[in-house]
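Work through the exercises below with the model open. Each task is followed by a stepwise solution.

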Amino acid sequence: MIKIGLTATPSFLLDYIADDVFKFVVIDKELGAKYQAQNINCYIHTKAATVLENIVKPQISQKHKVIYYTMSATQCYTMAQQYGERAGFLISDYNEGKVKNGPNEGKLYRDIMNEQGIK
């Protein structure tokens, strides 16, 4: 069996390579899960904002949560702001993006994330 490990930080995986053989050391560890996904939906040819506003938002509650992936820290922050205290955002600690307007203008997105205690 071939197992492939993926990470956003290549140095992490490189620490597990045996120098003489160039193979990864297999690390199998069950980390458990706090939440179990019950429904996974995929919407094709539909804007994310439309799906979130019309389909997902009415269903968000203490029992029903949503994870939304985006390629933009700015969009991630903006969307979290739109949902208020019910939402948070998670970006890379290395992101250098800053808020361009509003009460947090000039602050780094990552600093706001860390202040909220999201990790």
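A polar contact is a pair of N or O atoms within 3.5 Å; within protein, one must be able to donate a hydrogen and the other to accept it, and residues adjacent in sequence count only if both atoms are side-chain atoms. This is a predicted model: local features need pLDDT of at least 70, side-chain atom pairs count only at pLDDT 80 or more, and totals for chains, interfaces and linings use all residues. Residues are numbered from 1 along each chain as its sequence is written, and side-chain values use heavy atoms, with hydrogens and water left out.

**Exercise 1. Confidence and layout**

Task: Find which helix has the lowest mean pLDDT and which the highest.

Solution.
- Step 1. pLDDT is the predictor's confidence in each residue, from 0 to 100. The chain averages 76, and 64% of the residues score at least 70.
- Step 2. List the elements: helices (H or I, at least four residues) and strands (E, at least two) are DSSP runs, numbered from the N terminus. The chain has 4 helices and 0 strands, in the order α-α-α-α.
- Step 3. Helix α1 (residues 10-14) has the lowest mean pLDDT, 59. Helix α4 (residues 109-115) has the highest, 93.
- Step 4. Where pLDDT is low, the predicted coordinates should not be read in detail.

**Exercise 2. The buried side of α3**

Task: State which residues of helix α3 are buried, and why they lie on the same side.

Solution.
- Step 1. Apply the cut-offs: buried is under 20% relative accessible area, exposed over 50%, partly exposed in between (1.4 Å probe, protein chains only). Buried residues make up 17% of the 119 residues in the chain.
- Step 2. In α3 (residues 73-82), the buried ones are A73, C76, Y77, M79 and A80.
- Step 3. These residues share one side of α3 because they cover an arc of only 165° around the axis. The arc is taken over the directions from the helix axis to the C-beta atoms.
- Step 4. Check the ends. S72 caps the N-terminal end of α3, with a side-chain oxygen 3.3 Å from the backbone nitrogen of T74. Just after α3, G84 has a positive phi of about 65°.

**Exercise 3. The largest nonpolar core**

Task: Determine which helix gives the most to the largest nonpolar core.

Solution.
- Step 1. A nonpolar core is a set of buried Ala, Val, Leu, Ile, Met, Phe, Trp, Tyr and Cys residues joined through side-chain atoms within 4.5 Å.
- Step 2. The largest core has 10 residues: A73, C76, Y77, A80, F89, I91, V99, Y109, I112 and M113.
- Step 3. Helices α3 and α4 each supply at least two of them. Helix α3 gives the most, with 4 residues.
- Step 4. Contact means heavy atoms within 4.5 Å. Leaving out residues up to four places away in sequence, I112 touches Y77, F89, V99, N104 and K107.

**Exercise 4. Two residues of α4**

Task: Decide whether Y109 and R110 count as buried or exposed, then find their polar partners.

Solution.
- Step 1. Y109 lies in α4. Y109 is buried, with a relative accessible area of 3%.
- Step 2. A polar contact of 3.1 Å joins the side chains of Y109 and T74.
- Step 3. R110 is also in α4. R110 counts as buried because its relative accessibility is 18%.
- Step 4. The R110 side chain makes a polar contact with the side chain of E96, at 3.1 Å.
- Step 5. Beyond four places in sequence, R110 touches I91, S92, D93, Y94, N95 and E96.
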